[in-house]
Amino acid sequence: MNRKNPGAHDTPTALDKPQPKLVFVDWLRGMAILLVIVVHHSVNFPGSQVSALAEMGQLGVQLFFVASALTLCGSAEARQGERRATAKFYTRRLFRIAPLYWLGIGLYTTIAVTAAAFGKVGADTWYTAPNILANVLLVHGFVPAAQNHIVPGGWSIGTEVAFYAVFPLLLRFYLCGCERWPRGFVFGMPAAGIALNLALQIGVARMTGTALANNSFLYFSLPNQLPVFLIGMSGFFLLKEPFAQARLIPAVMLAGSLACCAWLLRTEGTAGMALMPSIAGIGFLGLVPLAMRYRHARGGIERIGEVSYSMYVFHFLFAWWGTHFIIQRPQLAHLPPYLLYTATLLGTIAASYAVGRISKRVIEDPAIRLGRETIQSLDRRYRAEGEAA
């Protein structure tokens, strides 16, 4: 990453402390997980009006991606000059993502195997050794059979990890490009990413004779989602510009992009599914200045965002199976679908948040501390080797 001021962050004090984060990012994550829960919860209400409205919630993943790119750029900026920055970046990401995801693999594999043992046909179809191993190694984003079938929603983790692999290189491009062509570069990178992906997806569709479908392997893949991350990275640099704080532009960006995405969800087609993630990313970038400006309104959603990763992994337990069990009760059959949906949705959010709080305290936070201690140990060894030399 940036090599300016070498040695500036080599002291134990600087490494021991968590780096400051962008204060509004937890609010973005909170909004993202709520959108994701809304769409997954609607699975139990097929064909209803609430299901049609809730499908927009799938765009919450793109909001996660924008927030992730902003966070990574902010963290890299705070650690400018850190020695062996790339190795430390991957170490932090591994300890941040893997332990909880591995728990999810064990949990959902156990559920599937147990369901199959009790006679549910096909419950364990996808849970083969190669698919599980691909998820354990966090390379499932490149394996169609493993991409989204071990941990529900796990495709986004695979795509995120694939982005981590190229982030240090992309950051170097941004830092060099922004020195020479500041505004042109930050607008040009997402535009180039969108154009290249559109050409790729159209080419693949013509070669295979199959249109790019929503929620397919290619839709979930890094090439189709990379422009969203580029939008988030460009947003990090653009937000430093005075014009980015304009009051009207962000609201127009958000409303316009969401309206466009709603239309694309109806029409589908290769071009639409190739463009939709990026259009959502642009709109959600407009949400960032609003989150920065209206700090007093962040409150509870920000607290949800603090445990959004745990909520993402565990909410399927309540959105799918817990809700299915509840709505099958005969005494609830007379209730209107929208009322039953709303009541059970609130229950899903509450239960997911409660489990998320426990998971963060028991799994996420200790894993992050362990990652930090691992980096400190490596630094001490490097310093000792340097002094010995």
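**Exercise 1. Asparagine 131**

Determine whether asparagine 131 is buried or exposed in this predicted model, and describe its surroundings.

*Solution.* Step 1: the relative accessibility of asparagine 131 is 8%. Step 2: buried means under 20% relative accessible area, so asparagine 131 counts as buried. Step 3: asparagine 131 belongs to helix 6, which covers residues 129-136. Step 4: once neighbours within four places in sequence are set aside, the contacts of asparagine 131 are Trp126, Val143, Ala145, Ala146 and Ile150.

**Exercise 2. Two residues with positive phi**

Compare leucine 138 with asparagine 215 in backbone angle, location and accessibility.

*Solution.* Step 1: most residues other than glycine have a negative phi. Step 2: phi of leucine 138 is near 65 degrees, a positive value, and phi of asparagine 215, also positive, is near 60 degrees. Step 3: leucine 138 is found in the loop between helix 6 and helix 7, whereas asparagine 215 is in the loop between helix 8 and helix 9. Step 4: with a relative accessible area of 10%, leucine 138 is buried. Asparagine 215, at 46%, is partly exposed.

**Exercise 3. The contact of helix 7 with helix 8**

Describe the geometry of this helix pair and the residues that form its contact.

*Solution.* Step 1: two packed helices are described by the angle between their axes and the distance between the axes. Step 2: for helix 7 (residues 155-180) and helix 8 (residues 182-208), the axes come within 6 Å and the crossing angle is roughly 145 degrees. Step 3: helix 7 contributes Leu170, Phe173, Tyr174, Gly177, Cys178 and Arg180, while helix 8 contributes Pro182, Phe185, Val186, Met189 and Pro190. Step 4: by class, nine of these contact residues are nonpolar, one is polar and one is charged.

**Exercise 4. Enclosed and open space**

Characterise the second largest cavity and the second largest pocket.

*Solution.* Step 1: rolling a probe the size of a water molecule over the atoms shows where empty space is left. Step 2: the structure has two cavities of 30 Å³ or more, and the volume of the second largest is about 30 Å³. Step 3: its lining consists of Gly141, Phe142, Gly158, Thr159, Ala162, Ser221 and Leu222, with three residues from helix 7, the most of any contributor. This lining comprises three nonpolar, four polar and no charged residues.

Step 4: the second largest pocket holds about 990 Å³ of space. Of its 37 lining residues, those nearest the centre are His40, Val43, Pro152, Phe316 and Trp320. Step 5: helix 2, helix 4, helix 5, helix 9 and helix 15 each give two or more residues to the pocket lining. Its composition is 21 nonpolar, 13 polar and three charged residues.

**Exercise 5. Tyrosine 338 and the whole chain**

Locate tyrosine 338, then assess the overall form of the protein.

*Solution.* Step 1: tyrosine 338 is in helix 16 (residues 337-388), and its relative accessible area of 54% makes it exposed. Step 2: although tyrosine 338 and valine 50 are 288 residues apart along the chain, their C-alpha atoms are separated by 6.2 Å. Step 3: across the protein, residues 24 or more positions apart account for 81% of the contacts with a separation of 6 or more.

Step 4: the protein contains 16 helices and zero strands. Its radius of gyration is 22 Å, close to the 21 Å from the globule rule for 389 residues, so the protein is as compact as a globular protein of that length. Step 5: the C-alpha trace spans about 75 × 50 × 45 Å along its principal axes, and buried residues make up 47% of the 389 residues.

Key
Residues are numbered from 1 along each chain as its sequence is written. This is a predicted model: local features need pLDDT of at least 70, side-chain atom pairs count only at pLDDT 80 or more; totals for chains, interfaces and linings use all residues. Side-chain values use heavy atoms; hydrogens and water are left out. Axes are lines fitted to C-alpha atoms, for helices over the stretch in contact, and angles run from 0 to 180 degrees between N-to-C directions. Helices (H or I, at least four residues) and strands (E, at least two) are DSSP runs, numbered from the N terminus. Contact means heavy atoms within 4.5 Å. Ala, Val, Leu, Ile, Met, Phe, Trp, Tyr, Cys and Pro count as nonpolar, Asp, Glu, Lys and Arg as charged, and the others, Gly among them, as polar. On a 1 Å grid over the protein atoms alone, a cavity is a set of points where a 1.4 Å probe fits but cannot get out, and a pocket is an open set with protein on both sides within 12 Å along at least five of seven lines; lining residues have an atom within 4 Å of a point. Grid points are joined across faces, edges and corners, and a volume is the space filled by probe spheres set on the points. The radius of gyration is taken over C-alpha atoms; the globule rule is 2.2 Å times the number of residues to the power 0.38. Buried means under 20% relative accessible area, exposed over 50%, partly exposed in between (1.4 Å probe, protein chains only).
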